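Work through these exercises with the model open beside you. Try each task before reading its solution.

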Amino acid sequence: MEFLNVTEESLNRAALVLRNGGIVAFPTETVYGLGADAYNADAIVKVFEAKNRPYFDPLIIHIDNIDTLSKVADLSQLSQETKRKLNLLTDAFWPGPLSIVLPKSHNIPGIATAGLNTAAVRLPANETARKLIALANGAVAAPSANPFGALSPTTAQHVKDGLGERVDIILDGGAALVGVESTVLDLSGEQVKLLRHGGIPKEEIEKVIGEMGSRDRLRGDSLRGVGNGEQRYTSPGQLKSHYAPRTPLAVFSREEIAGLQYEENTAYLFFDDTSREDWLSKNKSSNNLRSFVLSPLGNVSEAATCLFETLHKLDTLGVQRIFAQLAPQEGLGAAINDRLVRAASGVAI
Ligand code: TXA
Ligand code: MG
């Protein structure tokens, strides 16, 4: 494995590795991706193997310019109305953290999309990512560059720690700016559906294409139930959890966490300073060193940027459990809460 800073030279080298069927970890604005040539089935197999990812979980196809969209997706299958929405979405959000599920083109091997006749396509905002894709074959299939189920990588060091020698090259382009994965939106059916909360908030999308359906279990009443069960935390190994630290994690609302008594061997993750201060005032004897804040002033975008980095850090403290406060369910808060809830219980949305 080669660990390289981003330069013209290293980009060319990484692109050559991709063209020759190797796998390269590269920065995007959301999280680091582990890429293979999207047209090369043998290379894509290496991505699944390196991550230990089940073959039923499809990859996102990354492109560097919108002209490639018609090469990786079969746009002729779309209705006029869906085409109209697609144009609105790409105009508004590309390049950026939005993956759009579309009918797949026959150019993309079935293994990339887990045998589905659809493909999720994304045009990333990160310039290094786009340059790399352009210098390679113009389309790179890439999941997040972490072992399957583990915390997503927002730095090159996270990739090195998680995958190490399993990849050919890691390109270090600094910390990811958005910090949570792309929003996944399904345009392949009659109705637009939100499949994953991510870097583009649902509200922003609805401003552009109107209200949509979702497989969202994280709204309204269901959110209040989170963390209320008998067993507030559970070992990530027991359930099919995702985005999970090795340390068991439980989630709480603002009111719930304020009422928690300090426990030994526990790290506390607060959304903002006032929540932490609230709790500290009731737990004067507590060990301040083990309480953390995602965004001092309570800004959801800042909290998203810091989320995985902070969880990676909490995971190295050697505590027995992490108690985490949910973010307000607005803007990027929806993506933060989705990741926290899945880290806690393995309930996928
Ligand atoms: O921000 C991101 O999306 C990052 C960076 C590297 O671009 N990638 C990422 O990939 O998060 P991954 O593999 O960790 O997550 C991709 C998600 C999965 O939940 C997968 O099931 C879904 O996208 N997905 C991919 N193709 C799909 C398809 N054809 N239909 C439905 N869901 C799909
Ligand atoms: Mg992932």
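**Exercise 1.** Leaving aside its neighbours within four places in sequence, which residues is Glu206 in contact with?

*Solution.* Keep in mind that this is a predicted model.
- Step 1: find Glu206. Its place is in helix 7, residues 202-209.
- Step 2: set aside the neighbours within four places in sequence. Glu206 is then in contact with Glu211 and Met212.
- Step 3: look at the atoms. A polar atom of the Glu206 side chain lies 3.1 Å from the backbone nitrogen of Met212. The cut-off for a polar contact is 3.5 Å.

**Exercise 2.** Describe the surroundings of ligand 1, then its polar contacts.

*Solution.*
- Step 1: count the shell. Ligand 1 is surrounded by 23 residues. The closest are Thr30, Arg53, Asp57, His62 and Ser182.
- Step 2: sort the shell by class. There are 12 nonpolar, 6 polar and 5 charged residues.
- Step 3: assign strands. Strand 4 (60-63), strand 6 (118-122) and strand 10 (193-196) each give at least two residues to the shell. Strand 6 supplies the largest share, with 4 residues.
- Step 4: check distances to oxygen atoms of ligand 1. A side-chain N or O atom of Ser182 is 2.5 Å from one. For a side-chain N or O atom of His62, the distance is 2.6 Å. A polar side-chain atom of Asp57 lies 2.9 Å from an oxygen atom of the ligand.
- Step 5: turn to the surface. Taken alone, ligand 1 exposes 680 Å², and the protein buries 88% of that.

**Exercise 3.** In what order do the strands of the 4-stranded open sheet lie, and which helices touch them?

*Solution.*
- Step 1: read the order. The sheet runs 12-15-13-14, with parallel pairing.
- Step 2: find the edges. Strand 12 (249-252) and strand 14 (291-293) each have a single partner strand, so one side of each has no neighbour in the sheet.
- Step 3: take the twist. Neighbouring strands are turned by 20° against each other on average, direction ignored.
- Step 4: inspect one pair. Strand 13 (residues 266-270) and strand 14 run parallel and are joined by 3 bridges. Phe270 stands opposite Val293 of strand 14.
- Step 5: add the helices. Helix 10 (residues 273-282) packs on the sheet and touches strand 13, strand 14 and strand 15 (321-325). Its direction makes about 160° with that of strand 14. Helix 11 (residues 300-314) lies across strand 12, strand 13, strand 14 and strand 15. Helix 11 runs at about 170° to strand 13.

How values were computed. Residues are numbered from 1 along each chain as its sequence is written. Chains are lettered from A and ligands numbered from 1 in the order in which they are written. This is a predicted model: local features need pLDDT of at least 70, side-chain atom pairs count only at pLDDT 80 or more; totals for chains, interfaces and linings use all residues. Side-chain values use heavy atoms; hydrogens and water are left out. A residue is near a molecule or strand if one of its heavy atoms lies within 4 Å of it. A polar contact is a pair of N or O atoms within 3.5 Å; within protein, one must be able to donate a hydrogen and the other to accept it, and residues adjacent in sequence count only if both atoms are side-chain atoms. Accessible areas come from the Shrake-Rupley method with a 1.4 Å probe; for residues, only the protein chains shown count as cover. Ala, Val, Leu, Ile, Met, Phe, Trp, Tyr, Cys and Pro count as nonpolar, Asp, Glu, Lys and Arg as charged, and the others, Gly among them, as polar. Two strands pair if DSSP finds at least two bridges between them. Axes are lines fitted to C-alpha atoms, for helices over the stretch in contact, and angles run from 0 to 180 degrees between N-to-C directions. Contact means heavy atoms within 4.5 Å.
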